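Please open the model in your viewer and set the representation to cartoon. The tour below proceeds by selection, with a short account of what each selection shows.

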Amino acid sequence: MRHLLRFMLFSAMLTACSAAPSLPTPSPVIELTRPTPGMRTLPAPLYVLDRGQIALIEADGATRRQLTRERIEMEGIPPISDADLHPTAGLVYVVGAAKGDRLVRAALDGSNPQVIYFAEGHQLSAVRWSPDGQYIYLRFQNNREVRDLPDGLYRLPSTGGALELLRADDLVDDPLNPSRSIRSYAPFLWDPAGDTLLVASLATFYDDCELVFWQPQSNTLRRPLAPDGMYGWCGEAIWRNDHRAAVMLIGPPEGPGVWQVDAQTMQATRLSADGVLARAPFFNGTDLLFVAVERQGDGFTFTLTRQSADGMLTKLRAPFRETPLLIRWAPDGSGIVALVRTDTGTSLRWYPIGDRPPVELPQTESGVTWLMWGSIPPKG
C-alpha cells in the first residue's frame, strides 16, 4: 500500500509540472562521494527495507547491518512487504506467504521476532504504530472465498489478538459501473499526541487518492476544506509540533503545493508560494522546508528549498535531475535521504544542505522500498 501511494503521487506529479517558477539549471555531471567507515556522515541511523529484509545503515553511511532473516516463501516475492518502527515498541512488519500474511513484531535490532497475527487468506499492509506503542493500525484485505471480515482499516493490540474494525471500505454501488466515490481506507500518519490519524482514502476503482482525517472520539472521516479546483495528494505529509494542524500536499491537477489543514475545522491554508510545486514538506523551527519541482527541458529538477516565515525562498543546494521515488528529511532538517531513479536502476543518496556533493549509501541491486530515520545519537 505504501508503495502504491508513493507511485501515484510520483507519476501524477511528473505528468504536469510546467507551471513552476524558474530554478537554476543543474550541472549535467553528477558528482557523488562514498561514505568513509567510522566517520559520521548521517545525522542518525537509517532503517531500510531492501530485498525484502530490514537493514540498518549506521550514521557513518557505510556500515549496513541486516536485521531480519525472514524466509522467502514465494520465489521472486520479497518476504517483507511493509514495515514501521516505534522508538520504544520496536519493529512491526508484514511477511507475505502463499496462505496468508503474517504480522511480526521484533526489537529495534531485529531480535526476538514474534508472529502476533496470522490467518489464512488475510492480506495485511500499511502497518502503523500508534504513538504510544499500544496498538498497530493497518489495512486489511480478505482473500477468502467465504469472507469473514470486510476489507478496511483495522487495529490490533501490540501484543497480538483479534482484529478490530475501525472503518470498512465503502460498499460497491454498481459492479458494472462503480462510482468514483467508492473508497478504500489505509492508515497513513498519526499525530504525535494520538488524537488524529491521517487516513489514505483511495478510489477503489480509479486512480485517485487523498488524505482525510479520522479521530477516534467521533469515529468519522473528514476531508480538508480546500478551494474549488484544489485537490489533496497522497504520499507525503507531516504534523505541526502543536499537533493542531497537518501539513500536506494540495493543488490543482497540474501539481501540488504545501498547505496546512486545521485538524478541528478542516480549513486548508496555503503555505508555499503560489505557483511553486512541491514535495516532501518539513518544518525546521519556523522555516518550511520542501523539495521544489520544475520542468526543465525533457525532464525535471528537484531543489531542496527553505521558505522562511516572511515568505522568502532560499535554495539549500544545487538542483538535481534524478527523480526521487522516496524522500525523507533528516530529523534535524540537515538534508534529505532520497531513493532516486537512475539510468541503470535506483540509487540511495544523502543530499546534505550546502555545497557538498551527495553521498551514495549502500543498497542491493533490488533497491530500497521503504526507509525511516532512527533516533539522533548523542553528541560525542
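For the residue classes used on this tour, Ala, Val, Leu, Ile, Met, Phe, Trp, Tyr, Cys and Pro count as nonpolar, Asp, Glu, Lys and Arg as charged, and the others, Gly among them, as polar. Please note that this is a predicted model.

**The largest pocket.** Begin with its lining: by class, 25 residues are nonpolar, ten are polar and eleven are charged. The pocket holds about 1,600 Å³ of space. Next, select Leu189, Trp190, Ala237, Ile238 and Met372, which are the closest to the pocket centre of the 46 lining residues.

Now colour the elements that each give two or more residues to this lining: helix H1 (2-13), together with strands S4 (80-86), S8 (122-129), S12 (183-190), S16 (231-239), S20, S24 (324-329) and S28 (368-373). Which element gives the largest share of the lining? That element is S20, with six residues.

**The sheet that includes S20.** Keep S20 selected and add S21, S22 and S23: these four strands form an open sheet in the order S20-S21-S22-S23, with antiparallel pairing. The edge strands are S20 (277-284) and S23 (313-315), each of which pairs on one side only. Viewed across the sheet, neighbouring strands are turned by 30° against each other on average, direction ignored.

**The S21-S22 pair.** Finally, select residues 287-296 (S21) and 299-307 (S22), antiparallel strands joined by nine bridges. To inspect one position in detail, centre the view on Ala292, which stands opposite Thr303 in S22.

Conventions
Residues are numbered from 1 along each chain as its sequence is written. This is a predicted model: local features need pLDDT of at least 70, side-chain atom pairs count only at pLDDT 80 or more; totals for chains, interfaces and linings use all residues. Side-chain values use heavy atoms; hydrogens and water are left out. Two strands pair if DSSP finds at least two bridges between them. Axes are lines fitted to C-alpha atoms, for helices over the stretch in contact, and angles run from 0 to 180 degrees between N-to-C directions. On a 1 Å grid over the protein atoms alone, a cavity is a set of points where a 1.4 Å probe fits but cannot get out, and a pocket is an open set with protein on both sides within 12 Å along at least five of seven lines; lining residues have an atom within 4 Å of a point. Grid points are joined across faces, edges and corners, and a volume is the space filled by probe spheres set on the points.
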